[in-house]
Amino acid sequence: YRRTSLLCNGSQHFGKGRYEIRKEAFMFLSSQCFFSELTDDLLSTCQPFSCGNEDLDDFFKNDATRYAYYLMGKSYCFRKNDDPTKIVCAFTVSNDSIRIYDLPRSRKDYMKSLTHHEKPLRRYPGILIGRLGVNKDFCGKGIGSEVIDFIKGWFMSHDNKSGCRFVIVDAINAPEVISFYQKNGFQSLFTSEEQEFLYTGGKKGQQIKMATRLMYFDLLWMRQ
């Protein structure tokens with residue numbers, strides 16, 4: 001479940017490690033779509049959703065509501081104003097954290113420099129984007145970035161009922177996916193694949209093969 005991909009996304013612009021508001025943000029979703037929780041009743045009345053990835057399509061069709069039932073994650077979607085049966089994009093979020101004191105020394109020191117202006121904690125709360133897909137009929141509109149902006153704003157707003165410092169993704173380790181999240185202001189939690197490989201249980205001398213990369217966005221960057 002901790003695997004985040006993004007299909008059919010448009011690239012946007014961000015500064016170095018700091019969030020920059022973009023004028024075109026929410027252009028399509030805010031003007032042409034509305035927000036809904038993804039439920040069995042909704043799926044039964046909507047057209048089949050496909051982002052072009054069988055794993056993601058199967059998750060949203062068969063597993064998303066089951067995850068919600070067992071309180072493992074909640075899924076949401078945007079639908080077209082003029083055709084509510086059309087799901088434009090869908091995503092799943094769940095609670096997570098970054099455990100700073102478990103990180104390698106160099107990364108621990110860096111993350112402490114970000115977070116320890118307040119009372120020191122062993123872990124800092126975040127929200128995990130577990131799955132994210134954009135309907136293949138809406139490629140090239142920058143919708144993936146709009147969804148990321150929506151989630152950031154959602155968990156910065158007064159509507160959020162719990163503390164949330166980071167947006168976290170376990171991004172599929174593919175150049176186009178990593179590049180997408182970097183353009184949306186995310187940074188890798190580890191300085192290299194080798195460091196992450198060893199931290200996650202790999203042994204020195206073994207072939208380094210990371211299917212995913214942990215990345216994060218610090219919501220406090222939005223205040224700067």
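Two strands count as paired here if DSSP finds at least two bridges between them. Strands (E, at least two residues) and helices (H or I, at least four) are DSSP runs, numbered from the N terminus.

The model is predicted: local features need pLDDT of at least 70 and side-chain atom pairs pLDDT 80 or more, while totals for chains, interfaces and linings use all residues. Residues are numbered from 1 along each chain as its sequence is written, and side-chain values use heavy atoms, with hydrogens and water left out.

**The sheet**

Select the strands. There are 7 of them in an open sheet of mixed pairing, and the order across it is 1-2-3-4-5-7-6. Strand 1 (33–37) and strand 6 (187–188) are the edges; each has a single partner strand, so one side of each has no neighbour in the sheet.

Go to strand 1. Its pairing with strand 2 is antiparallel, over 5 bridges. Pick F34 to see one bridge, whose partner in strand 2 is R79.

**Strand 6 and helix 4**

At the other edge, select S188, which is in strand 6. Leaving out residues up to four places away in sequence, S188 touches R107, R213, L214, M215 and Y216, where contact means heavy atoms within 4.5 Å. Add A171: its C-alpha is 9.6 Å from that of S188, and the two are 17 residues apart in sequence.

Next show helix 4 (residues 105–115). It lies across strand 3, strand 4, strand 5 (166–172), strand 6 and strand 7 (212–218), and runs at about 25° to strand 7. Axes are lines fitted to C-alpha atoms, for helices over the stretch in contact, and angles run from 0 to 180 degrees between N-to-C directions.

**A salt bridge**

Show the side chains of D55 and R131, which meet in a salt bridge (2.6 Å, N to O). D55 is in helix 3 and R131 in strand 4, 76 residues apart, so the pair links distant parts of the chain. The whole structure has 8 salt bridges, each a side-chain nitrogen of Lys or Arg within 4 Å of a carboxyl oxygen of Asp or Glu.

**The pockets**

A pocket is an open set of points on a 1 Å grid over the protein atoms alone, where a 1.4 Å probe fits, with protein on both sides within 12 Å along at least five of seven lines; lining residues have an atom within 4 Å of a point. Points are joined across faces, edges and corners, and a volume is the space filled by probe spheres set on them.

The largest pocket holds about 390 Å³ of space. Select K74, V93, S94, N95 and I127, the closest to its centre of the 18 lining residues. Helix 3 (54–69), strand 2 (74–80), strand 3 (83–99) and helix 5 (143–156) each give two or more residues to this lining. Strand 3 gives the most, with 3 residues.

The second largest pocket holds about 240 Å³. Select G163, C164, R165, L220 and R223, the closest to its centre of 15 lining residues. Strand 4 (123–134) and helix 5 are the elements giving two or more residues to this lining.
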